[in-house]
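Welcome! Here are two short exercises to work through with the model on screen.

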Amino acid sequence: MTDVATQPFWEKAISLKKLEDAGKLVVKISGKQILLIKSGDTIYALNNRCPHEGFPLSEGTLSSDAEERECILTCNWHSWRFNLDDGEAIVGGDAVRLYPHEVRGGEIWLDISNPPPEIMRKKAIDGLHQAFEEHDYERIAREIARFERAKGDPMEALTLAFSWAMDGLESGTTHAHAAAPDWLALRGSPAITNATDKRIPVVEIIGHLSWDCLMQKGPFPYSEKIAESFDADAFERAIEEEREADAIAQARAGLAEGGASLLRGSLQRASLAHYQAFGHSVIYLDKTYELVELLGKPAEEAVILPLVRALCSTAREDLIPEFKAYGPTLSAWSNAGNKIPDGDGFRDQGVAAAMKLIAASSNTGEALYDALMHAAWDAMLHYDARYRSFTDKPVQQNVDWLDFTHAITHLNAARKNCADQPHLWANALLQTGCFLGRNSKFVDWQQDVENWKMADAEPLIGDVLEGMLDHGEPIYIFPAHTLKLATALREELSIKPDASWKPVALAALNRFVNEPIKRKHMRRVVTQASNFVELEG
Ligand code: FES
C-alpha cells in the first residue's frame with residue numbers, strides 16, 4: 001500500500017491547458033496512476049486501473065446518459081461502466097476511485113490522500129456484502145484484500161458473512177460452516193506463511209456460504225421470540241419435537257444468559273440422540289463450537305442459531321427400516337460387553353450385525369473406538385468405485401466417496417464431544433455401526449490396494465492440505481470434505497501417532513485424493529427419474 005497520509009495531501013499534477021489540448025491524460029503521482037479527463041467544462045480525476053481486472057481506463061470510451069447529465073466511462077475490456085460524477089459502477093461491481101481536484105493558477109491540483117481507514121473498511125464491507133449476495137467470487141477476494149489493506153480483521157469479515165448467511169439457509173448449518181474451522185486451521189498452520197495464501201481460506205469460506213445461500217430461495221427468517229429464561233429440558237424437547245421457534249427462543253435465552261457454552265451440553269445430547277443426517281449432526285456441532293472459539297462472542301448467534309435449526313429439521317435415519325436396529329440396541333446398551341473387537345470383523349456385516357458386534361464390545365473402551373476407526377478407513381479403502389458409474393441401480397445405491405468419509409469425520413467429532421458426556425459414547429459408537437453396516441454393501445474386498453499404501457503420514461497429509469489452497473474444484477462441497485477428512489486424520493494421529501489403523505487410513509486417504517469424485521451423473525439421474533415416473537401410474 002502506498003503510504004499516503006489520510007489528511008488532505010495536494011500535489012500539482014498538470015497544467016489545465018495541457019489537459020484541454022489532450023482531452024484526457026494519465027499522470028503518475030506517488031505511485032498512483034490517475035486518469036484526468038476534461039469533458040465540457042468538467043474535469044474528472046480517477047484511478048486509471050479498472051477495479052475489475054486492472055486494465056487502463058484511459059483506453060475506455062466516454063459517453064453521456066440519455067439526458068446528457070452524466071459522464072459515463074465504459075471500460076472496453078469487459079464493458080463495466082462508471083458514472084464519473086460519483087465513481088459508482090452502472091454495469092459491473094466495484095466503484096472506481098475519484099480524486100478531489102482543484103484548478104489553481106492554471107494548474108490542476110489533486111488530493112491524493114487516502115480516505116481514513118474506517119471509511120475504507122466500511123466501503124470494503126459494503127462491497128463484500130454485495131459480492132456475497134451475488135456470489136461474485138473474484139469480488140469477494142478483492143474486497144477482502146481491500147479490507148485487510150485498510151487494517152481490517154478478516155475474522156470480523158467472516159463473522160459478518162456468517163450473519164448474512166443466517167436467513168439464507170432453510171435448514172441451517174451447512175458444510176460451509178463445517179469446513180470453516182478446518183480452513184482457519186489451515187490458515188494458521190506454520191506451512192502457510194504469506195499473506196495471500198492466508199487470505200484464500202477466508203475467501204473460500206465466504207464463497208461457500210454465499211453459494212449455499214444463492215442456491216436456496218430465502219429468506220428464511222428466524223423467530224424473534226426469546227424465552228423468559230433458559231431451560232435445558234425445554235430446549236432439548238423442542239429440538240426433539242422439531243419445534244424450531246421454541247428451540248430458537250430457548251437458544252436466544254441461553255445465549256443471553258450464559259453464551260454458547262451454556263447450550264453446549266444440550267446440543268451435544270441433541271446431536272447424538274439419533275443417527276441423523278447420516279452423522280452430520282455431531283460434525284456440525286463440533287465445528288460450530290470450533291467456530292465460536294475462533295471467532296468469539298460476536299459470532300455466537302450467527303453460528304449457533306443455524307445449528308439449532310439444523311438439528312430441528314434434520315432427518316433421523318434411525319427411524320427408517322434400514323437402521324431400525326439402532327434404537328433397540330441403544331436401549332439395551334449395558335457397558336458390559338467384553339469381547340475384544342476386531343476391525344476386520346466388521347467386513348460384510350450389515351447394520352444389525354454391526355450393532356451386535358459393537359454392543360458385544362461395549363466395555364472395551366478405546367479398543368472399540370480403534371476397531372471402528374480401522375473398519376471405517378478399511379471400508380473407504382475398499383470402496384467399490386463402480387458405484388460412481390452405475391446408471392441402472394436404484395437411488396439407494398447412489399453411494400460415493402462422501403458416504404465413506406462421513407463415517408470417519410463423524411467418529412472424530414464424536415470423540416471430542418463424548419469426552420464431555422461419556423454416556424453419549426453408546427450413541428456415537430452405534431451410529432458409526434450404522435455407517436459401517438450400510439457401506440458394507442458398497443465395497444470390493446478383492447481389489448488390490450497395495451499401491452495405495454504410504455509409509456508416512458507426512459508429507460501425505462501436509463500435501464493434501466496444502467493442495468487445498470488451489471484445489472481447482474468449482475463445487476465447494478467436494479474440497480470441503482477432503483479438507484475435513486485430512487484435518488480429522490491429522491487430529492486423530494496427533495493424539496495417537498502409532499494408531500493400529502494408521503496404515504489403512506493413509507492408504508485410504510491416498511486413494512481418495514487420487515481417484516476423482518464423479519460430480520455429475522447425467523445418465524443415472526435421467527434413468528432413475530424415468531423409472532420413478534413409470535411407477536407413478
Ligand atoms: S478490466 Fe475493466 S471491465 Fe474488466
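**Exercise 1: where two domains meet**

Taken over C-alpha atoms, the centres of domain 2 and domain 4 are 30 Å apart. This is a predicted model: local features need pLDDT of at least 70, side-chain atom pairs count only at pLDDT 80 or more, and totals for chains, interfaces and linings use all residues. Residues are numbered from 1 along each chain as its sequence is written, and side-chain values use heavy atoms, with hydrogens and water left out.

Task: describe the interface of domain 2 and domain 4.

Solution.
- Step 1: Find the domains. Domain 2 covers 117–214 and domain 4 covers 320–523; such bounds come from an automatic or database domain assignment.
- Step 2: Count contacts (heavy atoms within 4.5 Å). Here 16 residues of domain 2 touch 13 residues of domain 4.
- Step 3: Look for salt bridges (a side-chain nitrogen of Lys or Arg within 4 Å of a carboxyl oxygen of Asp or Glu). The count between domain 2 and domain 4 is zero.
- Step 4: Locate the helices (DSSP runs of H or I, at least four residues, numbered from the N terminus). On the side of domain 2 that touches domain 4, helix H5 (175–188) and helix H6 (195–214) each supply at least two residues. H6 gives the most, with seven residues.

**Exercise 2: one residue**

Task: is Gln 268 buried or exposed?

Solution.
- Step 1: Gln 268 sits in helix H9 (residues 260–272).
- Step 2: Its relative accessible area is 2%, so Gln 268 is buried (under 20%; exposed is over 50%, partly exposed in between, with a 1.4 Å probe and protein chains only).
- Step 3: Beyond neighbours within four places in sequence, Gln 268 has contacts including Leu 285 and Asp 420.

Conventions:
Polar contact = N/O pair within 3.5 Å; in protein donor to acceptor, adjacent residues only side chain to side chain.
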